[in-house]
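User: Please take a close look at a single part of this model and walk me through it in one connected answer. I would like to follow how that part sits against its surroundings.

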Amino acid sequence: MISLIGFSALCLSSIFSCIVLIPKSILQIKIKYFLFFIRSSTFLVCLSFLSLIFAYVTSDFSNFNVFQNSHSEKPLIYKITGAWGNHEGSILLWVCMISIYGFIYSLLSKSLDSFKILVLKIQSSLFIIFCFFIIFTSNPFLVNSVIVEEGLGLNPILQDPALAIHPPMLYLGYVGFSLVFSLAIASLLKTESDQMWVLETQKWSIISWGFLTAGIALGSYWAYYELGWGGWWFWDPVENISLMPWIAGLALVHSLLMIKGEQAIQRWIVFLSILCFSLSILGTFLVRSGILTSVHSFAADASRGLFILLIFFVTTGFGFLVFLIKSPTKKNDLNLLLINKTSALIINNILMMIAVLTILIGTIYPIIIEVLTNTRISVGGPYFNSTVLPILLPGFLLMSVAPVLSWQTNKIKKFRVYVICFLILSLIITIQSYLTTFNPWGLIGLLLGSWIIVGSLISVILRYKFSFTSKYIKSINSFTAHIGVGVMIIGVTYSSVYQKEFNFNMQIGDEITIENQLLKFDEIKIVDQENYQSLRAVFSLINNNGIISYIDPGKNYYPVSKMITTEAGIYHAWLKDIYITLGSETDNQWFIKVYINPLVSFIWIGVFIMIFASIVAVIKK
């Protein structure tokens, strides 16, 4: 019964959305009725998604999707999140979010009614395309042809709190760019001269980019403590897929800053708006087409993947075709100087686009080669580290000075202060690097991150008088975001370049010394949990003052799916993480791998600062 309600609500929602696309000349409809259909469609698709969640919570195994991806013994949180832990449910969530974004826009937009209607029609068109995709190829409300007593269970890797909220966050970013796309296309098709769309695009692009940042960060943190590889980023193809719209979105956010200098490059803004959503759809295709091998990809189906590819070509083709035919007519002369804010933003945008293209080639090229030659090649970390990072370095350097540059002149206020501080900082970091473990990449990364922080702080001190007010926080917000980037760069540099790895064979009672601290193997514990059996090796971390912490790496066995997962044991400290994984056992000796990850916590702190800055930026609008 609940499946019938969910499917009926989905179909009715698509019908309501189709009604709003009927031309005004055929169907005379007032705007209040137009908005009624838009908002009713949103209500119905949310009802459909809630019906699927209810089917999971009640373990309704008459629903084929629930049967395939759930089990009655799962904890409640994983029953709920199981609704989007599969292909059909995740696409329904995607569609639900497209409609919700349109609903919120209909409430908050201050544009002319004619422009608002045009944006909502484009948003409804995107909704209908994906809605039909669900109805005809990925229906989550199919009913089992036989009566079953129990489900097959959810992939154990997905049974994790961080990964439970990672997909919704990521989708809020991906799908948010659909509204940015709709605003951009509407700006090309509009008849009235209304520049409100630029301000709205600025707000919604920051919101989308902020959610995407949070989603990527959650995914990275999950990979860090769940997969047992000792790191947080592996240039996995699906990680690359999320990184491309993130970089393009960052370029879009920075491009939209040019409106402050009354030099909005409308063609470039429209191009980036289309590109961000196109990359989001491309990522959806690659994850679900079955052509990528990744721990993040799931529910691979080649036929459905090709359908998404068709959606990608239709949407992207339509967007860029309109862009070519009806380019913005208003042209602002750019005040390009050797070193002003406009020049810095343009150079930064160019570097970001080159980085996106480099990542795209590294991700897509192996697929093309495999299709043409039936030979599989691997493009991994060494390629991306040696190509993408050097491309982004000049952009990060510009980031440290861009906020203090002028729109109109080449002059930088208090230029001598910046030069002296940079030279002093360079000398200090260089001496520190030579006196410790010298690494050229470590030196560059530490200098770059530190200078972004120091340069931003100097700018804040010189330009603004400190006060505990919201106005002050909003005024320094761009510097706050850059400080977050600097903190993250330091964390990335140290945790990558200066990571240490140790391998041991230990038995219960053994002790080893790592980084002047004693690590003692205390015991092995086996505990039956609600839906899995837990095996944990308990280690005591001891210094001169006694026991600092207990670290318990281990493995989980899930009897329903008959899978074993590795669970890392991590001691978190401000300056370093001690990260332990438990391997196999031979003759009462366990293989232990220990990583020392210095300053890895700076990565999450930097991301948090960036997300905070994006929230403040939205509140400012």
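User: Is G219 buried or exposed, and which strands does the helix that holds G219 lie across?

Analyst: In this predicted model, G219 is buried, its relative accessible area being 7%, and a value under 20% is what counts as buried here. The residue belongs to helix α8, which covers residues 196-226. Between the C-alpha atoms of G219 and L170 there are 8.8 Å in space, although 49 residues separate the two in sequence.

Helix α8 lies across three strands, β8, β9 and β10 (589-598), and runs at about 115° to β8. These strands belong to an open sheet of four strands, whose order is β1-β10-β9-β8 and whose pairing is antiparallel. The edges are taken by β1 (500-506) and β8 (569-572), each of which has a single partner strand, so that one side of each is left without a neighbour in the sheet. On average, and with direction ignored, neighbouring strands of this sheet are turned by 15° against each other. As a general point, the strands of a sheet pair through backbone hydrogen bonds, in either a parallel or an antiparallel sense.

Starting from the β8 edge, β8 pairs with strand β9 (residues 576-586) in the antiparallel sense over four bridges, and a hairpin of three residues joins the two strands. Within this pairing, G569 stands opposite I580 in β9. Strand β9 is itself mostly covered, since eight of its eleven residues are buried. On the side of β10, strand β9 forms an antiparallel pairing over nine bridges, in which I578 stands opposite I596 of β10. The hairpin of β9 and β10 has two residues between the strands, and there D587 takes a positive phi near 55°.

At the other edge, strand β1 takes part in the salt bridges, of which the structure holds two. In general, side chains of opposite charge can pair when their charged atoms come close. One of these contacts joins E501 to K593, with the closest N and O atoms 3.7 Å apart; the pair links distant parts of the chain, E501 being in strand β1 and K593 in strand β10, 92 residues apart. Both side chains belong to partly exposed residues: E501 has a relative accessible area of 44%, while K593 stands at 22% relative accessibility, and the buried class applies under 20%.

The other contact is a salt bridge between the side chains of K500 and E515, at 3.1 Å from N to O. Because K500 lies in strand β1 and E515 in the loop between β2 (511-514) and β3 (517-528), this pair ties together parts that are 15 residues apart in sequence. K500 is partly exposed with a relative accessible area of 41%, and E515 is also partly exposed, at 31%.

Taken together, the part around G219 can be read from the buried glycine in α8, through the strands β8, β9 and β10 that this helix lies across, to the edge strand β1, where K500 and E501 each enter a salt bridge.

Note on methods
Residues are numbered from 1 along each chain as its sequence is written. This is a predicted model: local features need pLDDT of at least 70, side-chain atom pairs count only at pLDDT 80 or more; totals for chains, interfaces and linings use all residues. Side-chain values use heavy atoms; hydrogens and water are left out. Buried means under 20% relative accessible area, exposed over 50%, partly exposed in between (1.4 Å probe, protein chains only). Two strands pair if DSSP finds at least two bridges between them. Axes are lines fitted to C-alpha atoms, for helices over the stretch in contact, and angles run from 0 to 180 degrees between N-to-C directions. Contact means heavy atoms within 4.5 Å. A salt bridge is a side-chain nitrogen of Lys or Arg within 4 Å of a carboxyl oxygen of Asp or Glu.
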